[in-house]
Amino acid sequence: MKRAMLAALFALAANAAAAQEVTLRAVTSFAEKTQFSKNFERFIDRVNETGKGQVKINYIGGPRAMPPFEVGNAVRTKVVDIANVTGAFYTNLMPEADGLKLIGKSMAEQRANGTWAYLNELHNKKLNSYYLTRQFYNVPFHIYLNKKPEKFDFTGLKIRVTPVYKDIVEALGGTAITTAPGEVYTALERGVVDGYGWPVTGIFDLGWEKVTKFRVEPAFYSVEVNVLVNLDVWNSLTAAQKKVLNDAALWLEGLDSENVALIKSERDRQTGAGIQPIDFGPEESKKFLEKANEVGWQSVIKRAPETAPKLRQLSGN
Ligand code: 173
């Protein structure tokens, strides 16, 4: 009798745990298994392992499932519960997101100095989402070209952009053409563009080395790929479920330490593929970086005059 009661109790407890397990639908704004989805995919595995009985993530996939520029809105409206997405793809909803590229501090620093809290507040308000974390703060961007300019002047060049590169490309006289990453290869192949902006890592994922001649030095800005959770979903989670996600997010932040070696190997690989650096020397490089920072902030401040100055101050840039 005692035994039967115990068994029944255990069954009840197991049921309660099962009833508590929540399944989150996830998408990524980058192609599956490529550079800027990979660590998010590892995060999903981690959550599914450590969160057994608590949280389960159901990975819907990447741009084949949802156009990248729609991912931010999909989290906002709870079409998906959790997403891996760069702020560059949701500046229409949150102009401040364009400022993320200008914040080069690690998440540990951002949590310590109030940046994370402020960004979370902005994501709560404008994207109805919880700002779980950001990845790749220590990976910069480059402009890649197929025509070689004589100086830092892109006049006459058509360059594929997202909001990340638009202002600096235009400040240097180039013509900016916005496309999703999935359209870059064809645009280069057909000569619709003479170059493109992209991080230092990842160009091999979609075969762009075959249609790329030059990489402009120096590297600039900071890659930001964020993990957002719909705010209603976040608020409905138990403390234990939030902890699973938060712990996995901190673990994900730790993966940024891999980026240093990765950058070196990707630069070597680019050299091996015949991609030549264009370098106008230290003075011009310094001027370029100052200009990129300034036009970047001015553009964000113009679109978000109430909030962007505080972000700039927190960034230290
Ligand atoms: O170039 C892009 O599509 C872009 O803005 C981006 C942002 C973060 C990581 C990779 C690319």
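Here are some friendly questions and answers about the ligand site, the cavity and a few backbone details of this predicted model.

Q: What makes the link between arginine 160 and the ligand a polar contact?
A: A polar contact is a pair of N or O atoms within 3.5 Å. An N or O atom in the side chain of arginine 160 is 2.7 Å from an oxygen atom of the ligand, so the pair counts as a polar contact.

Q: How do you know that threonine 162 makes a polar contact with the ligand?
A: A polar side-chain atom of threonine 162 lies 2.8 Å from an oxygen atom of the ligand. The cut-off is 3.5 Å, so this pair passes too.

Q: Why does tyrosine 165 also count as having a polar contact with the ligand?
A: Here an N or O atom in the tyrosine 165 side chain is 2.5 Å from a ligand oxygen atom. That value is within 3.5 Å, so the name fits.

Q: How much of the ligand does the protein bury?
A: On its own the ligand exposes 300 Å², and the protein buries 100% of that.

Q: Which residues come nearest to the ligand?
A: There are 15 residues around the ligand, and Arg160, Thr162, Val164, Tyr165 and Trp198 come nearest. To be near, a residue needs a heavy atom within 4 Å, so these residues meet that limit.

Q: Where does the ligand sit, and what makes that the right word?
A: The ligand sits in the largest cavity. The word "sits" is used because more than half of the ligand's atoms lie within 2 Å of the cavity's grid points.

Q: Which elements give two or more residues to the shell around the ligand?
A: They are α6 (163–171) and β8 (195–199). β8 gives the most, with three residues. Both elements turn up again in the cavity lining, where α6 and β8 each supply at least two residues.

Q: What is the make-up of the shell around the ligand, by class?
A: The shell has 11 nonpolar, three polar and one charged residues.

Q: Why is the space around the ligand called a cavity, while another space is called a pocket?
A: In a cavity a 1.4 Å probe fits but cannot get out, whereas a pocket is an open set, so the names follow from whether there is a way out. The largest cavity has a volume of about 130 Å³. Of its 16 lining residues, Phe30, Thr86, Phe141, Tyr165 and Pro199 are closest to the centre. The largest pocket holds about 190 Å³ of space, and residues nearest its centre include Ala31, Pro63 and Leu206.

Q: What makes the bond between glutamate 217 and proline 218 stand out?
A: This peptide bond is cis, with omega about 0°. Proline 218 is found in strand β9 (residues 214–220).

Q: What is the phi of lysine 78, and where does this residue lie?
A: Lysine 78 has a positive phi of about 65°, although it is not a glycine. The residue lies in the loop between α3 (71–76) and β3 (82–85).

Technical notes. Residues numbered from 1 in each chain as written. Predicted model: local features only at pLDDT ≥ 70, side-chain atom pairs only at ≥ 80, totals over all residues. Heavy atoms only, no water. Polar contact = N/O pair within 3.5 Å; in protein donor to acceptor, adjacent residues only side chain to side chain. Areas by Shrake-Rupley, 256 points an atom, 1.4 Å probe, with all protein chains shown as cover. 1 Å grid on protein atoms, 1.4 Å probe; cavity = no way out; pocket = protein on both sides within 12 Å on 5 of 7 lines; lining within 4 Å. Helix = DSSP H or I, 4+ residues; strand = E, 2+ residues; numbered from the N terminus. Nonpolar A, V, L, I, M, F, W, Y, C, P; charged D, E, K, R; others polar. Points joined across faces, edges and corners; volume = space filled by probe spheres on them.
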